[in-house]
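These are my notes from going through one model. I kept each entry to what I looked up and what came back.

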Amino acid sequence: MNQHTSNTIDPVRSRLRATLATIQNELNLLSVPGQGNNNPEILRVAFLDLVNQLDLGPEPAVRECAFCGHLGRLEAKLCGYCWRPSLRTLPVAMATHVSAAP
Ligand SMILES: [Zn+2]
């Protein structure tokens, strides 16, 4: 996540900070002898709230570039490193020639 440089309050980040503070507080209570978490539901709900806020979705499918070997998104038409076209977008004869090269 990038460093937020604006001087304005970002409600999304404020909510994330509050959720993380709740999780941190609940985790700290777990580590204090005799101060066990009386309500583990608070931690569970805060964690689920964090997961929902992050909304990461599934891991994107990736493929290795046939030219430079870097990983890129499966559906990308160009490699993000060498800017060559995906083998999937080349004519079959050309893609076969390139993929057979050492
Ligand atoms: Zn590449």
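Entry 1. Before starting I fixed one term: a residue is buried if 20 or more other C-beta atoms lie within 10 Å of its own, exposed if 12 or fewer, and partly exposed in between. I also noted that this is a predicted model.

Entry 2, burial at Thr19. I looked up Thr19 and found it in helix α1. It has 20 other C-beta atoms within 10 Å, so I put it down as buried. Leaving out residues up to four places away in sequence, I listed its contacts as Ala46, Asp49, Leu50 and Gln53. For Gln53 I also took the C-alpha separation from Thr19, which is 9.3 Å, with their positions 34 residues apart along the chain.

Entry 3, the whole chain. I counted three helices and two strands in the protein chain. Read from the N terminus, the order is α-α-β-β-α. Of the 102 residues, 4% count as buried. I then looked at the contacts with a separation of 6 or more, and 20% of them are between residues 24 or more positions apart.

Entry 4, confidence. The average pLDDT of the protein chain is 83, and 75% of the residues score at least 70. I asked where confidence is lowest and where it is highest. The lowest is helix α3, residues 92-100, at a mean of 61, and the highest is helix α2, residues 40-54, at 93.

Entry 5, helix lengths. For α1 I noted 21 residues and 30 Å from first C-alpha to last, close to the 30 Å expected at 1.5 Å a residue. For α2 I noted 15 residues and 21 Å, close to the 21 Å expected at that rise. I also checked how much of α1 is covered: of its 21 residues, the number buried is one, so α1 lies largely in the open.

Entry 6, the helix pair. Two packed helices are described by the angle between their axes and the distance between the axes, and I looked up both. Helix α1 covers residues 11-31, and packs with α2 at an angle of about 150 degrees, with the axes 9 Å apart. The cut-off for roughly antiparallel is over 145 degrees; α1 and α2 are therefore roughly antiparallel to each other. I recorded their crossing as left-handed. Which residues meet there? From α1 they are Arg15, Leu16, Thr19, Leu20, Thr22, Ile23 and Glu26, and from α2 they are Ile42, Leu43, Ala46, Phe47, Asp49, Leu50 and Gln53. Thr19, the buried residue of Entry 2, is thus in the list on the α1 side.

Entry 7, positive phi. Most residues other than glycine have a negative phi, and I looked for exceptions. Asp55 has a positive phi of about 40 degrees although it is not a glycine. Asp55 follows α2 and sits in the loop between α2 and β1 (62-64). It has 6 C-beta neighbours inside 10 Å, so I marked Asp55 as exposed. Trp83 is also not a glycine, and its phi is positive at about 65 degrees. I placed Trp83 in the loop between β2 and α3. With 10 C-beta neighbours inside 10 Å, Trp83 counts as exposed.

Entry 8, Cys65. I found Cys65 in the loop between β1 and β2. Is it buried or exposed? Cys65 has 20 C-beta neighbours inside 10 Å, so it counts as buried. Not counting residues up to four places away in sequence, Cys65 touches His70, Gly72, Cys79, Tyr81 and Cys82. From Cys65 to Cys79 I noted 6.5 Å, C-alpha to C-alpha, at 14 residues apart in sequence.

Entry 9, the loop before α3. I went back to the loop between β2 and α3 for two further residues. Glu75 lies in this loop, with β2 at 71-73. It has 11 other C-beta atoms within 10 Å, so Glu75 is exposed. Its C-alpha is 8.7 Å from that of Ser86, which is 11 residues away along the chain. Leu87 is found in this loop too. With 16 other C-beta atoms within 10 Å, Leu87 is partly exposed. Leu87 and Phe67 are 20 residues apart in sequence, and their C-alpha atoms are 9.2 Å apart in space.

Definitions and conventions. Residues are numbered from 1 along each chain as its sequence is written. This is a predicted model: local features need pLDDT of at least 70, side-chain atom pairs count only at pLDDT 80 or more; totals for chains, interfaces and linings use all residues. Helices (H or I, at least four residues) and strands (E, at least two) are DSSP runs, numbered from the N terminus. Two residues are in contact if their C-beta atoms, placed from the backbone, lie within 7 Å. pLDDT is the predictor's confidence in each residue, from 0 to 100. The expected span of a helix is 1.5 Å times one less than its number of residues. Axes are lines fitted to C-alpha atoms, for helices over the stretch in contact, and angles run from 0 to 180 degrees between N-to-C directions. Angles under 35 degrees count as roughly parallel, over 145 as roughly antiparallel, 65 to 115 as roughly perpendicular and the rest as oblique. A crossing is left-handed if the near helix is turned anticlockwise from the far one by less than a right angle, and right-handed if clockwise.
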